[in-house]
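Reader: I'm new to this one. Could you walk me through it and tell me how you know what you claim?

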Amino acid sequence: MCGIAGRILNAPGNIGHDLVELMAAQEHRGADSTGFAVYGIPRDTGYVVRAMGFDRDRLSSDLEEFRAVLKEHGGDLLEEPTWDNGETAHYSARMVISDPKDMARWTHDADEFCARLEIQSVGRSLEIIKDTGGAHAVADKHGVRDMVGTHGLGHARLATESDVRPNASHPFWARPFPDVAIVHNGQITDYYSWRKRLELKGYRFLTYNDSELIAVWVSDRMKEGLSLEAALTRSIDEIDGVFTYMIARSDTIGWAKDRFAMKPLVVVNQNGEVAAATEEQAVRRIFKEDDVSITNFDGPSMHGIWGVGNRRAAA
Amino acid sequence: MSEVVIDVSDRPIRDVHMDIQKAAAAGGNIVVINTCSRHNLAVGLPSGCHIRFEGSVGYYCGGLNTGATIEIERNAGWGCGEAMSKGHITIGGYAGMSVGAAMLGGTIHVKGDCGPRAGVAMKGGNIVVEGKIGYQSGFMAHGGKLIALGGAGSSCADALWAGEVWVTGDIADLGVDAVVTEPTAEQVAEVDAILDPLGLKDTSRDWRRIVAGQRLWYFESRDAKAWLMI
């Protein structure tokens, strides 16, 4: 099943709070894992990195080594790393880094130097936080409610095709494209053949979750020169399965629905702000007025793009 | 008759349901407020009660209805009136995916448009839509009538089994094995008799009555293409 959400504010603000509300309302759609992609105030240079470690006892030495790998690629930490203080063996570390020379090569080495640490997101503004558990539990553990930004995505996972693991939950980063994240409700039936074709092009996948594929698929099409809109419409024709997905970038959220109209999408779009979710009751957590204009995108083969109008806090 | 007001807001849906069932058993008029598009409201209501929802409701509202009169002021989510056997549901606005799915009897009246697969697998009763019915409406209907006054989306009446889909207005395209027939005067009178109590009878309408071509009733290899809908 799964529940997804997207939110755009009309000015930088408390995006974390809204995403948690949207996902708390949809927790019944998949409570095994919850995740958030939060777009903070964008940096001009340097990246925010979210990494997931799997052995908290070796946190210090693994982050040391992570830094050493980064230095080999011409970058360095700009701030001291921070991490959650949960009681699980796995943890989410937040780092701010200067630009490495080659994003794809660096992420490859950073993911591969040991099996205990992998990158979850890289971006001027994107941060992906995801974990097992419901919306409130994940938000409490990682301080999501206090995150400030402009837009973001949320996901409640009911695993159907791959393991329940904190790193196999959504959102997924479109490795190695900075600031691109996806949430998806559905199943991709030609996942393995597409994955193989993308791997032959040099892309890497760290899970067997079919949704990880879509983010890379769309980004690869855009790298080849398609507009976001063209890539979205192409995905409806070329990717087989059932889906409603939202793909977020630094200044937009795009979405597409399969040709069988199997998965819902409910949207409020007014005055430069957007709330989108699988279920109408979720967007009503944000827009409480009875007469707010709500659109149900229930039809087949639909797509759309919402722009993020105002990304900088007023001076 | 006294009116019972029930507030939904963020209360546990089970508590709301118990309140509605209690009021319905007493046979009164019920008004439900602050619905917040929540799911599974007014499921399995008995005949004799009248319930009105202010605002919009979520999934499966009025499902398994056995005779209640249900009014929804604005929109209904997916599966409104699913498997109802008797009663009347009025949706003031838009009805989401699969309105009246597998219904057995009674009437659903939608004042706005419908999402995809309205009347999917319906086995009896009537669905009257003042607006347009969505993609694949009437999909595999076994009985009953789906009546659209504002046209139909693509794949209309796909794989229809034995129900009827009546449309005035544009039909984007027909689904597999859907056949358009010219209705007889008696058949039109039957439909008018359904529309009349809703104040929607209009004898000037140009109807298309869509029924099953019956090619899918039995599989024959020469029809394999018709089965491959994709």
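Author: Sure, starting with a term: buried area is the accessible area (1.4 Å probe) that two parts lose on being put together, summed over both. Here chain A and chain B bury about 1,500 Å² between them, with 48% of it on carbon and sulfur atoms. This is a predicted model, where local features need pLDDT of at least 70 and side-chain atom pairs count only at pLDDT 80 or more, while totals for chains, interfaces and linings use all residues. Residues are numbered from 1 along each chain as its sequence is written, chains are lettered from A, and side-chain values use heavy atoms, leaving out hydrogens and water.

Reader: What makes A:Glu279 buried?

Author: Buried means under 20% relative accessible area (1.4 Å probe, protein chains only). A:Glu279 has 1%, so it is buried.

Reader: Where does A:Glu279 sit?

Author: In the loop between β14 (273–277) and α8 (280–283) of chain A; such helices (H or I, at least four residues) and strands (E, at least two) are DSSP runs, numbered from the N terminus.

Reader: Why is the pairing of the side chains of A:Glu279 and B:His39 called a polar contact?

Author: The term needs a pair of N or O atoms within 3.5 Å, one able to donate a hydrogen and the other to accept it; residues adjacent in sequence count only if both atoms are side-chain atoms. These side chains are at 2.5 Å, so the pair qualifies as a polar contact.

Reader: How many residue pairs are in polar contact between chain A and chain B?

Author: Nine, both residues at pLDDT 80 or more.

Terms used
Buried means under 20% relative accessible area, exposed over 50%, partly exposed in between (1.4 Å probe, protein chains only).
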